[in-house]
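Hi there,

Thanks for agreeing to take this one over. The structure is just below, and my notes on it follow.

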Amino acid sequence: MVIRELHGWPSTAEEAEAIQDRLRPMLELDVPGPVAPRTVAGLDVSYAGDGGGTGTPLAAAAVVLDGATLEVVEESVAVGTAAFPYVPGLFAFRELPTLLEALRGLTTTPDLLVCDGFGVAHPRRFGLACHLGVLTGLPAIGVGKTAFVGAYEEVGARRGDASPLLDGGEVVGRVLRTRDGVKPVFVSVGHRTDLDTACRNVLALTPEFRLPETTRRADRLSRDALSSRGIG
DNA sequence: GCGACAG
DNA sequence: ATCTTGTCGC
């Protein structure tokens, strides 16, 4: 896959926000998403010390699964350091450089990117999934474990039940139950997909546990990468 | 103005 | 994100 070059890197929150505002117009949001993706890449990052400021060691993992069988097709890990302090709304700038390095290590060009965190369910409608989507040109979605922006009504107790995530009068995502009686996840569109397809894909990637297999695999790989290199 | 705030 | 014991359940 061709990954857009990172221009300058922000040194202040204002610069980071300006980058988000400049890239947001490049989003393709009202397009149908990949219905039966051949391959799906899961992305996740693990940290070594406290994840507060810049410079913290981290490992980013990209794991490609067969969209139909959910078997691992390819894996890639990259180690680096947090490139920005943790600021809600600017989270992507922390792990973007290392995540892109992990993606560059893949031979496969996945049909879909599944990110930890959010897409347009974001204060400026440009979360990590949007950023990665624009930089790679690939369909991307965000799957968050906790709420960030938006309000929603209680979700039904069964797998597949969902309720819209509303922010500022618009639907920015969907709260989706992936397992009976288990806390739901927050799905939002990142790039080149619609919300319905995004949720269908999340359910397809979640046959057994709360989180998508893509996320679980990437989480384990990034964690192992730290410990096996003596960083954990 | 005050608090809340993805990972 | 990470620091952590015990505990319930498949």
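**What turned up in the model**

Asp21 is partly exposed, with 36% relative accessible area. This residue belongs to helix H1. Please keep in mind that the model is predicted. From Asp21 to Pro207 there are 186 residues in sequence, and their C-alpha atoms lie 37 Å apart in space.

Met1 offers another pair to look at. This residue sits in the segment before helix H1 (13-23), and it is partly exposed, at 30% relative accessible area. Met1 is separated from Leu103 by 102 residues in sequence, while the C-alpha to C-alpha distance is 8.6 Å. Leaving aside neighbours within four places in sequence, the contacts of Met1 include Leu103, Leu106 and Thr108. Thr109, Pro110, Thr136 and Leu138 are also among the residues that Met1 touches.

Next, a helix pair. How do H2 and H3 cross? The axis of helix H2 (residues 92-104) comes within 11 Å of the axis of helix H3 (residues 128-136), and the two cross at roughly 40 degrees. H2 is therefore oblique to H3. The crossing of H2 past H3 is right-handed. On the H2 side, the residues that meet H3 are Ala92, Phe93, Glu95, Leu96, Leu99, Leu100 and Leu103. Their partners in H3 are Leu128, His131, Leu132, Leu135 and Thr136. Sorted by kind, the residues of this contact between H2 and H3 are nine nonpolar, two polar and one charged. Two names here will be familiar: Leu103 and Thr136 were also listed as contacts of Met1.

Now the cysteines. How many disulfides does the structure hold? There are zero. For Cys115, the closest cysteine sulfur is in Cys130, and at 9.0 Å it is too far for a bond. For Cys199, the closest cysteine sulfur is in Cys130 as well, at 15 Å, again too far for a bond. A disulfide would need the two sulfur atoms within 2.5 Å, so neither of these distances will do. Are Cys115 and Cys199 buried or exposed? Cys115 is buried, at 1% relative accessible area, and Cys199 counts as buried too, at 4%.

His191 is worth a look as well. You will find it in strand S8 (residues 185-191), where it is buried, with 3% relative accessible area. Setting aside neighbours within four places in sequence, His191 is in contact with Met26, Leu27 and Glu28, among others. Its contacts also include Gly133, Val134, Gly137, Leu138, Pro139 and Ala140.

Lastly, some backbone angles. Most residues other than glycine have a negative phi. Which way does phi go at Arg192? It is positive, about 55 degrees, although Arg192 is not a glycine. Arg192 is in the loop between S8 and helix H4 (195-204), and it is partly exposed, at 33% relative accessible area. Arg125 has a positive phi too, near 60 degrees, and is likewise a residue other than glycine. Its place is the loop between strand S4 (112-116) and H3. Arg125 is buried, with a relative accessible area of 17%, because the cut-off for buried is under 20%.

Happy browsing, and best wishes!

Note on methods
Residues numbered from 1 in each chain as written. Chains lettered and ligands numbered in written order. Predicted model: local features only at pLDDT ≥ 70, side-chain atom pairs only at ≥ 80, totals over all residues. Heavy atoms only, no water. Axes fitted to C-alpha atoms, helices over the stretch in contact; angles between N-to-C directions. Helix = DSSP H or I, 4+ residues; strand = E, 2+ residues; numbered from the N terminus. Parallel < 35°, antiparallel > 145°, perpendicular 65-115°, else oblique. Left-handed = near helix turned anticlockwise from the far one by under 90°. Contact = heavy atoms within 4.5 Å. Nonpolar A, V, L, I, M, F, W, Y, C, P; charged D, E, K, R; others polar. Buried < 20%, exposed > 50% of the residue type's maximum accessible area, 1.4 Å probe, protein only.
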